[in-house]
Amino acid sequence: MANKRSRGARRRPPPTPWWRTWRILIVAFVSLGAVGLIAVAVVSGGPAPTVGGATAWATLGTRDVHSLAFDPNDPQHLYFGHHNGLLESRDGGRTWQPTGLGGADAMNVRAASGTALQIAGHNVYQETSDGGRTWATVPNDLPGLDLHAFVTDPADQAHAWAYAVGFGLFESRDQGRHLELRQPGDWPVLVVTRASGATELIGLSAAGLGASSDGGVTWQPLAPPGGQIASLAATPDGSLLVAGTTNGLRRSADGGKTWQPTGFSGTAVTVAVAASDPRIVAVVDEKTRFFRSDDGGGTWPGPR
């Protein structure tokens, strides 16, 4: 395998990479502004907060913002990962409750069909088969477990990629049990699409945004969406690609070759697109506010 190593303690990764500086500033801002973790997060009393015409559905109140994901089969069921666990909503994002995962960094959340989930983060790689009530560590052969990006093939949930800080981009075909190095360097933001039988991996590196059709071995450049990229999401077939940036949410209908603005102009720290309905897009901003659009990002009204 490409990541063979001697047995024993995992090697210490190198100092903070290029892409973490601005993201650390966002997390620090969130931590200072939050009033603490709450069991059920709803929009506080009074008028719902708005950002450039977008109306928030809820304020999550966590100390930071990490990941957002829809249940592949139910656009009303969402997961939100933060540094101390995982929240879920079963009413489209209006209210949020904790899952059975507490005290673990859910930096990346990948929901499969049914009740299966995997999360990956700072020294965390876990999975559940019962919708989040109980969790187990994923056995793996990665050289380090500071996993800042983790994605799965929409056509094959056993096919996955992980970015381990200090070690590079790895690919697995057995649900993360065995992984092989595909690229060294930093790959902090990833998304995967599958169209016409071909899987495409889209990722951010020091060279900018790029796409790979061979599992991450070779890359072709894509157009920058503008602003610092915090997150990427897409429909399973890639017909819609969205980028959460410090300049708002951008969308692409051609796989990242060109980009257009959406109706969300705030800082989109994490973003998700519903697999079962590509018109539904959701965002969490740096103040832990949850926003949702039902027309592909054009308008962002509050809950009806």
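Author: A residue is called exposed when its relative accessible area is over 50%, buried when it is under 20%, and partly exposed in between. The model discussed here is predicted, and the values below are computed from it.

Reader: Why is Arg173 called exposed?

Author: Arg173 has a relative accessible area of 60%, and because exposed begins over 50%, Arg173 is exposed.

Reader: Why is Glu171 called buried?

Author: The relative accessible area of Glu171 is 6%, and since buried means under 20%, Glu171 counts as buried.

Reader: What makes the contact between Glu171 and Arg173 a salt bridge?

Author: The closest N and O atoms of Glu171 and Arg173 are 3.7 Å apart, and the cut-off is a side-chain nitrogen of Lys or Arg within 4 Å of a carboxyl oxygen of Asp or Glu, so the pair is a salt bridge.

Reader: What makes Arg182 and Glu180 a salt bridge, and why are both called partly exposed?

Author: The closest N and O atoms of Arg182 and Glu180 are 3.5 Å apart, which satisfies the limit of within 4 Å. Arg182 has 24% relative accessibility and Glu180 has a relative accessible area of 32%; because partly exposed lies between the limits of 20% and 50%, that term applies to Arg182 and to Glu180.

Reader: Which residues are linked with Glu171 in a network of salt bridges?

Author: Arg173, Glu180 and Arg182 are linked with Glu171 in that network, and the structure as a whole holds ten salt bridges.

Reader: How do you know that Asp153 and Arg194 meet in a salt bridge, and what parts of the chain does the pair link?

Author: The N to O distance between the side chains of Asp153 and Arg194 is 3.3 Å, and the criterion is within 4 Å, so the contact is a salt bridge. The pair links distant parts of the chain, with Asp153 in strand 12 (residues 147-153) and Arg194 in strand 16 (residues 189-195), 41 residues apart. Asp153, at a relative accessible area of 1%, is buried, whereas Arg194, at 31%, is partly exposed.

Reader: How do you know that strand 5 and strand 6 pair?

Author: Five bridges join strand 5 (residues 74-82) to strand 6 (residues 85-89), and because at least two bridges are required, the two strands are paired, running antiparallel. One of the partnerships is that of Leu78 with Ser89 in strand 6.

Reader: What makes strand 4 and strand 7 the edge strands of the sheet?

Author: Four strands form an open sheet in the order 4-5-6-7, with antiparallel pairing. Strand 4 (67-71) and strand 7 (97-102) each pair on one side only, and they are the edge strands.

Note on methods: Residues numbered from 1 in each chain as written. Predicted model: local features only at pLDDT ≥ 70, side-chain atom pairs only at ≥ 80, totals over all residues. Heavy atoms only, no water. Buried < 20%, exposed > 50% of the residue type's maximum accessible area, 1.4 Å probe, protein only.
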